[in-house]
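The following exercises are intended to be worked with the sequence and the coordinates at hand. Please attempt each task before reading its solution.

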Amino acid sequence: MEHTPPSADDLRPFPLRQSLGFLLVRTALKLRLLGNVILQEAGEDITVDQWGILNLLWEADGQTPVELARRADKDKPNVTRLLKILEDKKLVARRPDPKDRRSHHIVLTEAGAALKGQLLAHGVSCYERACQGLSKQEVETLKSLLNRVYANVS
């Protein structure tokens with residue numbers, strides 16, 4: 001099967017609401033809103049962005065803020081702000097890097113680690129709702145296509 005990208009003529013007139021960028025942003029915003037609503041309705045005092053940082057720490061505790069920013073695809077000031085909020089909630093703590101006094105590692109507190117099961121369950125709820133009506137194969141295809149588009153623009 002040949003993969004021919006759309007030509008400039010295929011895109012005229014440029015229907016904004018059908019453009020790939022518009023559809024991706026619109027979907028991402030709705031997914032974030034859905035996640036925040038699910039968390040709020042469950043009585044969780046956490047946002048999707050905070051959940052994302054915790055999720056990265058559940059995968060590999062003790063990362064630096066720079067590593068977290070890279071893995072979350074967020075800028076460092078945004079991650080620093082999220083870490084401050086999580087620190088204030090006593091869900092993470094900063095530990096000095098024994099090899100580099102200018103650096104520190106972010107570690108989960110007992111409270112942050114304890115949230116994993118319930119917050120992952122909320123993530124599954126969001127995922128199930130977002131993928132309602134899609135087959136497992138369609139979801140895998142969608143993820144593959146999105147990763148290819150991301151690679152193309154990176």
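The exercises below concern a predicted model, and each task is followed by a worked solution.

**Exercise 1. The length and sides of helix α6**

Task: Compare the expected and actual span of helix α6 (residues 116-130), then determine which residues are buried and how they are placed around the axis.

Solution:
- Step 1. Helix α6 has 15 residues, and at 1.5 Å a residue these should span 21 Å. The C-alpha atoms at the two ends are 21 Å apart, which agrees with the expectation.
- Step 2. A residue counts as buried under 20% relative accessible area. In α6, the buried residues are Leu 119, His 122 and Cys 126.
- Step 3. These residues cover an arc of only 55° around the axis, and therefore lie on the same side of α6.
- Step 4. On the face turned away from this buried side, α6 carries the exposed residues Gly 117 and Glu 128.
- Step 5. The cover over the buried residues of α6 includes α1 (20-41) and α2 (48-59).

**Exercise 2. A salt bridge between separate elements**

Task: Locate the partners of the salt bridge between Lys 74 and Asp 49, and state what the pair ties together.

Solution:
- Step 1. Side chains of opposite charge can pair when their charged atoms come close.
- Step 2. For Lys 74 and Asp 49, the N to O distance is 3.3 Å, which satisfies the cut-off of within 4 Å.
- Step 3. Lys 74 belongs to the loop between α3 (65-72) and α4 (76-88), whereas Asp 49 belongs to helix α2, so the salt bridge ties together parts that are 25 residues apart in sequence.
- Step 4. Lys 74 has 24% relative accessibility and counts as partly exposed; Asp 49, at 17%, counts as buried.
- Step 5. The pair belongs to a network of salt bridges that links Arg 32, Asp 49 and Lys 74.

**Exercise 3. Two further salt bridges**

Task: Describe the salt bridges Arg 102 to Asp 100 and Lys 143 to Glu 140, including the exposure of each partner.

Solution:
- Step 1. The structure holds 8 salt bridges. In one of them, the side chains of Arg 102 and Asp 100 meet at 3.1 Å, N to O.
- Step 2. Arg 102 is exposed, at 76% relative accessible area, while Asp 100 is partly exposed, at 24%.
- Step 3. In the salt bridge between Lys 143 and Glu 140, the closest N and O atoms are 3.3 Å apart. Both residues lie in helix α7 (residues 136-153), with a separation of 3 residues, or about one turn of the helix.
- Step 4. Lys 143 is partly exposed at 37% relative accessibility, and Glu 140 is partly exposed at 39%.

**Exercise 4. A nonpolar surface patch**

Task: Identify the residues of the nonpolar patch and the elements that give two or more residues to it.

Solution:
- Step 1. The patch on the surface is formed by Leu 20, Leu 24, Leu 134, Leu 142 and Leu 146, with about 410 Å² of accessible area together.
- Step 2. The elements giving two or more residues to this patch are α1 and α7.
- Step 3. Leu 146 is placed in helix α7 and counts as partly exposed, at 36% relative accessibility.

**Exercise 5. Positive phi values**

Task: State where Asp 73 and Lys 90 lie and whether each is buried or exposed.

Solution:
- Step 1. Asp 73 has a phi near 55°, a positive value in a residue other than glycine. Asp 73 lies in the loop between α3 and α4 and is exposed, at 56% relative accessibility.
- Step 2. Lys 90, which is not a glycine, has a positive phi of about 65°. Lys 90 lies in the loop between α4 and β1 (92-97) and is exposed, at 58% relative accessibility.

Conventions:
Residues numbered from 1 in each chain as written. Predicted model: local features only at pLDDT ≥ 70, side-chain atom pairs only at ≥ 80, totals over all residues. Heavy atoms only, no water. Helix = DSSP H or I, 4+ residues; strand = E, 2+ residues; numbered from the N terminus. Expected span 1.5 Å × (residues − 1). Buried < 20%, exposed > 50% of the residue type's maximum accessible area, 1.4 Å probe, protein only. Arc of directions from axis to C-beta. Contact = heavy atoms within 4.5 Å. Patch = residues over 30% accessible without salt bridge, like charges linked within 9 Å, V, L, I, M, F, W, Y side chains within 5 Å. Areas by Shrake-Rupley, 256 points an atom, 1.4 Å probe, with all protein chains shown as cover.
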